[in-house]
Amino acid sequence: MGILRKVCATLTAAAFVGVGALSATTSAEAAPQVVGAAQKTATAPAPVGQPPRAAAAKKATPASSTKATMAKYRLDSRCMTKGRVLCINKKTRKLVYLVNGKAVQVMDVRFGAMKTPTRNGSFKIQRKSKNHVSTLYHSKMPYAMFFSGGQAVHYSSDFRARGYNGASHGCVNVRDKNKIAWVFARVRVGDKVLVYSK
């Protein structure tokens, strides 16, 4: 009878340990996962009753990730600064929105025609106008972020419809309305804008 009690007690303890391990695993899987440079290590599964083992994690240094980002999007080194930057490359026809040197959003853009070119240079957002209409050309310029006189980054329904068959009057046209709306909500007056050909 004493042996039977010991066996039952051992089985009960093992069952509780198993349920505890299962609950811990289920809770960990339900928790949101953090992805990116901040996640330095991962845990490898370990046998029940033993602490989890740290798995070897691939570490990326800030310098190597910066170089990779610059190469991938052909970014000018002036884009890699603290704060928010609209980095606009005429050669790749891409706008890369960076925050503290990290690419957060990328979108297709087009530029001014030969007679009305988009100016190259380093600028700042001077003003924003969500539902802007051009007083000069009477065209809609939603999500306009002005950076050089009347030149602005904004959504273009013409770009959406005709692609690179058209051109702007000097503005930086964006064809994805959702992306430009997302960036517009985050950019502030005074943020850096860099337009270049590389």
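Ser 129 stands opposite Ala 144 in E8, and this pair makes a handy starting point for the exercises below. Please keep in mind that the model is predicted.

**Exercise 1. Work out how strand E8 is paired with its neighbours, and whether it is enclosed or open**.

*Solution.*
Step 1: Begin on the E7 side. Strand E7 covers residues 127-133, and its pairing with E8 is antiparallel, with 6 bridges. The facing residues Ser 129 and Ala 144 give you a register mark for E8.
Step 2: Look at the connection. The hairpin of E7 and E8 has 6 residues between the strands, and His 138 there takes a positive phi near 55°.
Step 3: Move to the other partner. E8 also pairs with E9 in the antiparallel sense, this time over 3 bridges. Here Ser 148 is found opposite Gln 151 in E9.
Step 4: Inspect the turn. Between E8 and E9 there are 2 residues, and Gly 149 in this turn has a positive phi of about 60°.
Step 5: Check burial. Of the 9 residues of E8, 8 are buried, so the strand is largely enclosed by the rest of the structure.

**Exercise 2. Find the two residues listed in UniProt under "active site" and describe the surroundings of each**.

*Solution.*
Step 1: Take the record. The unreviewed UniProt entry lists His 154 and Cys 171 for "active site". They are spread over 18 residues of sequence, yet they cluster in space, with a largest C-alpha distance of 7.5 Å.
Step 2: Place His 154. This residue sits in strand E9. Its relative accessibility is 6%, and a residue under 20% counts as buried, so His 154 is buried.
Step 3: List some neighbours of His 154. Leaving out residues up to four places away in sequence, its contacts include Met 141, Tyr 143, Ala 144, Cys 171 and Asn 173. With Asn 173 there is also a side-chain to side-chain polar contact of 3.4 Å.
Step 4: Place Cys 171. This residue lies in the loop between helix H3 (157-162) and E10. Cys 171 is buried too, at a relative accessible area of 9%.
Step 5: List some neighbours of Cys 171. With the same sequence neighbours left out, it touches, among others, Arg 110, Phe 111, Thr 118, Met 141, Gln 151 and His 154.

**Exercise 3. Gln 151 touches Cys 171; which backbone nitrogen does the side chain of Gln 151 reach?**

*Solution.*
Step 1: Locate Gln 151. It is found in strand E9 and counts as buried, with 5% relative accessibility.
Step 2: Follow the side chain. It reaches the backbone nitrogen of Arg 119 at 3.1 Å.
Step 3: Add the contacts. Setting aside residues up to four places away in sequence, Gln 151 touches Pro 117, Thr 118, Arg 119, Met 145, Phe 146, Gly 170 and Cys 171.

**Exercise 4. Identify the disulfide and give its hand**.

*Solution.*
Step 1: Count. The model has 1 disulfide.
Step 2: Name the partners. Cys 79 is joined to Cys 87, with an S to S distance of 1.7 Å.
Step 3: Read the torsion. About the S-S bond of Cys 79 and Cys 87 it is about 60°, so the disulfide is right-handed.
Step 4: Check exposure. Both Cys 79 and Cys 87 are buried.

**Exercise 5. Map the nonpolar cores: which residues have the most contacts inside the largest one?**

*Solution.*
Step 1: Start with the largest nonpolar core, which has 22 residues. Those with the most contacts inside it are Leu 86, Ile 88, Leu 95, Met 145, Val 153, Ile 180 and Val 193.
Step 2: Ask which elements contribute. Those that each supply at least two residues include strand E3 (84-89), strand E8 (140-148), strand E9 (151-155), helix H4 (177-186) and strand E11 (192-196).
Step 3: Zoom in on Ile 88. Beyond residues up to four places away in sequence, its contacts include Leu 95, Val 109, Phe 111, Val 153, Val 172 and Val 193.
Step 4: Look for another core. A second, separate one of 9 residues includes Leu 75, Met 80, Val 106 and Leu 194.

**Exercise 6. Sketch the overall picture: how many helices and strands does the protein have?**

*Solution.*
Step 1: There are 4 helices and 11 strands.
Step 2: Of the 198 residues in the protein, 30% are buried.
Step 3: Take the contacts between residues at least 6 apart in sequence: 51% of these join residues at least 24 apart.

Note on methods: Residues are numbered from 1 along each chain as its sequence is written. This is a predicted model: local features need pLDDT of at least 70, side-chain atom pairs count only at pLDDT 80 or more; totals for chains, interfaces and linings use all residues. Side-chain values use heavy atoms; hydrogens and water are left out. A disulfide is a pair of cysteine sulfur atoms within 2.5 Å. Buried means under 20% relative accessible area, exposed over 50%, partly exposed in between (1.4 Å probe, protein chains only). A nonpolar core is a set of buried Ala, Val, Leu, Ile, Met, Phe, Trp, Tyr and Cys residues joined through side-chain atoms within 4.5 Å. Contact means heavy atoms within 4.5 Å. Two strands pair if DSSP finds at least two bridges between them. UniProt positions are given in the numbering used here, feature names are shortened, and annotations may be inferred rather than shown by experiment. A polar contact is a pair of N or O atoms within 3.5 Å; within protein, one must be able to donate a hydrogen and the other to accept it, and residues adjacent in sequence count only if both atoms are side-chain atoms.
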